Amino acid sequence: MTTSGYQRFFAELKRRRVFRVMAVYGAVAFVVLQVADIALPGLGLPEWTITLILALALLGFPLVIVLAWAFESTPEGIRRTEEAAPEELTAIISAPASQRWPAGVAALIGATALLAGVWYMGRQSAPAASADLAAGPVAASIAVLPFADMSPDGDQEYFSDGISEELLNLLAKIPELHVAARTSSFSYKNQDVKLADVAHELNVAHVLEGSVRKSGNEVRITAQLIKADDGFHMWSETWDRTLDDIFAIQDEIAADVVAQLKVSLLGAAPTTDVTDPEAYALFLQARQLGRQDTAEGYERSNALYEHALEIEPEYAAAWT
């Protein structure tokens, strides 16, 4: 392409507003990536969400360039860009540099901002994870898998999930204890996988699993702590209790796990705020229904939350 050909090509890019689209896309993508970097860790989304956002940001860039070249926005709507009249390109080429260069510079800045955002998010997520896996799990690390519902009717999944989550939350309050996130550990729910594989993928040294069998006001909870590298049980225990002291059971299990991990220097195990047992059961059912992400599920979930608050008006979890 001759010098004149390059000039005409860049003039055509300017005429079709491709430079402007590149600048706007790069700036918006950069902002979206920064917001995602801040917000995603607190939303409990799968780890691949960041990778998906990065891929969409990169793949979208050439796509918007092609669309900007091929189409233009007019008062009548979107239509294919018409061929330029010779005098249009000549006018752009002959314009002073102060009028020709800003659009190209803005496009370059936009592309740089996009690449910088992608690089930053990729650096924040991938290398850290790779380094952790290469170093191996720390001794005081654990994944709490979803407890199995062993009730006769198999209708207490919300209750067994609630026990698992409360134990996970209690253990996560200990700063020196590395606890796999709920999203990660619950991804193995109802899956037939080896505990050694789970521990390797979650980069933990121990796995806590168990089961819940509920009948009327009686509940039997079984928990076992397994050392991931050899698969041997370090400790197992069974509790037969009534629902009146369900919070004491959670505290007891958490304390036993901490003791068996030999992290007594971490201090006393955290305890659960005591709540009316009936309100707590309603809260667990409401939370499970809300996670179905359906209109009917949300409606039933809100009704159960309201019922729980009628029983326990100060129940903060139901309010949030």
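The following exchange concerns the cores, one buried residue and a surface patch of a predicted model.

The model is predicted, so local features need pLDDT of at least 70 and side-chain atom pairs count only at pLDDT 80 or more, whereas totals for chains, interfaces and linings use all residues. Residues are numbered from 1 along each chain as its sequence is written, and side-chain values use heavy atoms, with hydrogens and water left out.

Visitor: Which element supplies the largest share of the largest nonpolar core?
Guide: A nonpolar core is a set of buried Ala, Val, Leu, Ile, Met, Phe, Trp, Tyr and Cys residues joined through side-chain atoms within 4.5 Å; buried means under 20% relative accessible area, exposed over 50%, and partly exposed in between (1.4 Å probe, protein chains only). Of the 35 residues in the largest core, Phe159, Ile221 and Ile253 touch the most other members. Elements giving at least two residues each include α6, β6 and α10, where helices (H or I, at least four residues) and strands (E, at least two) are DSSP runs numbered from the N terminus. The largest share, eight residues, comes from α10.

Visitor: Is glutamate 165 buried or exposed?
Guide: Glutamate 165 lies in helix α6, residues 157-172. Beyond neighbours within four places in sequence, glutamate 165 contacts Arg182, Phe186, Arg287 and Arg291, contact meaning heavy atoms within 4.5 Å. Because its relative accessibility is 6%, glutamate 165 counts as buried.

Visitor: How far apart are the C-alpha atoms of serine 211 and threonine 222?
Guide: Serine 211 is placed in strand β6, residues 206-215. Its contacts include Arg220, Ile221 and Thr222. Serine 211 and threonine 222 are 11 residues apart along the chain, and their C-alpha atoms are separated by 5.3 Å.
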